[in-house]
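Biologist: Hi! Could you walk me through this one while I have it open on my screen?

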Amino acid sequence: MKERQGQGKRVFSYDEAVALLPEVRRLTERAFERVQADSSSLSPQGVPDAEAQERLSAVVKGWAETLIAMGLEVKGLWLVDFDNGSGYYCWRYPETGLQFYHSYEDGFGGRMRIQ
């Protein structure tokens, strides 16, 4: 992994990103399951009470902080980007592999399948 010039971001080769993905997936799946389990305290309208909202926020925040500390970019709920120096390898739970790429400018909507 290298740091991108002047931005302090990690740059991953495809092989490095693929090697890290099982841990990213494990951490994401664990956080996702905790959120799902906590959703049992939602009101019939699907709105969490204040205490449940606090717990859900803590789980998501902890997940994001852990992945950011690994050099990844969290772009949304269960959505992670690996900077490759010219764009991002993009992964979203529950995808099984690292199959998509997008440029810095295009974002998630511009995802292309990696050949």
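Modeller: Happy to! One term before we start: a residue is called buried when its relative accessible area is under 20%. Also keep in mind that this is a predicted model.

Biologist: Good, let's use that term right away. How many of the residues of β5 are buried?

Modeller: In β5, 4 of the 5 residues are buried, so the strand is largely enclosed by the rest of the structure.

Biologist: And what share of the residues in the protein is buried?

Modeller: Buried residues account for 38% of the 115 residues. The exposed surface comes to about 6,900 Å², and carbon and sulfur atoms supply 52% of it.

Biologist: Okay, zooming out a bit. How many helices and strands does the protein have?

Modeller: There are 2 helices and 7 strands. Starting at the N terminus, the elements run β-β-α-α-β-β-β-β-β.

Biologist: What order do the strands take in the sheet?

Modeller: The order is β3-β4-β5-β6-β7, an open sheet of 5 strands with antiparallel pairing. The edges are β3 (73-76) and β7 (112-113), each of which pairs on one side only.

Biologist: Let's go along it, then. How many bridges join β3 to β4?

Modeller: β3 and β4 run antiparallel and are joined by 3 bridges. One residue pair to click on is E73 with its bridge partner D81 in β4. These two strands form a hairpin with 2 residues between them, and W78 takes a positive phi near 65 degrees there.

Biologist: Nice, I'll check that phi. Which residues pair up between β4 and β5?

Modeller: Strand β4 covers residues 79-83 and strand β5 covers residues 88-92, and they pair in the antiparallel sense over 5 bridges. Among the partners, V80 is bridged to W91 in β5, and D81 has C90 as its bridge partner in β5. This is a hairpin too, with 4 residues between the strands, and G85 in the turn has a positive phi of about 95 degrees.

Biologist: So D81 turns up twice! What comes on the other side of β5?

Modeller: It does: D81 is the bridge partner of E73 and also of C90. On to β6 (residues 100-102): 3 bridges join β5 to this strand, and the two run antiparallel. C90 stands opposite F100 in β6.

Biologist: Got it. Switching to the helices: at what angle do α1 and α2 pack?

Modeller: The angle is about 175 degrees, and the axes are 9 Å apart. That makes α1 roughly antiparallel to α2, because angles over 145 degrees count as roughly antiparallel.

Biologist: Which residues meet there?

Modeller: From α1 you have V24, L27, T28, A31, R34, V35 and D38, and from α2 you have R55, L56, V59, V60, W63, T66 and L67. By class, this contact has 9 nonpolar, 2 polar and 3 charged residues.

Biologist: Let me pick L27 from that list. Is L27 buried or exposed?

Modeller: L27 is buried, because its relative accessible area is 11% and the cut-off is under 20%. Leaving aside neighbours within four places in sequence, L27 is in contact with W63, T66, L67 and M70. Take W63: L27 and W63 are 36 residues apart in sequence, with 7.0 Å between their C-alpha atoms.

Biologist: Now F32, which I also see in helix α1. What is the relative accessible area of F32?

Modeller: F32 has a relative accessible area of 25%, so F32 counts as partly exposed. Setting aside neighbours within four places in sequence, its contacts are W78 and Y93. F32 and Y93 are 61 residues apart in sequence and 8.8 Å apart in space, C-alpha to C-alpha.

Biologist: And W78 is the residue with the positive phi in the hairpin of β3 and β4, right. What share of contacts join residues at least 24 apart?

Modeller: Among contacts between residues at least 6 apart in sequence, 39% join residues at least 24 apart.

Biologist: Great, that helps. Thanks for the tour!

Modeller: Any time!

Methods: Residues are numbered from 1 along each chain as its sequence is written. This is a predicted model: local features need pLDDT of at least 70, side-chain atom pairs count only at pLDDT 80 or more; totals for chains, interfaces and linings use all residues. Side-chain values use heavy atoms; hydrogens and water are left out. Two strands pair if DSSP finds at least two bridges between them. Buried means under 20% relative accessible area, exposed over 50%, partly exposed in between (1.4 Å probe, protein chains only). Contact means heavy atoms within 4.5 Å. Accessible areas come from the Shrake-Rupley method with a 1.4 Å probe; for residues, only the protein chains shown count as cover. Axes are lines fitted to C-alpha atoms, for helices over the stretch in contact, and angles run from 0 to 180 degrees between N-to-C directions. Angles under 35 degrees count as roughly parallel, over 145 as roughly antiparallel, 65 to 115 as roughly perpendicular and the rest as oblique. Ala, Val, Leu, Ile, Met, Phe, Trp, Tyr, Cys and Pro count as nonpolar, Asp, Glu, Lys and Arg as charged, and the others, Gly among them, as polar.
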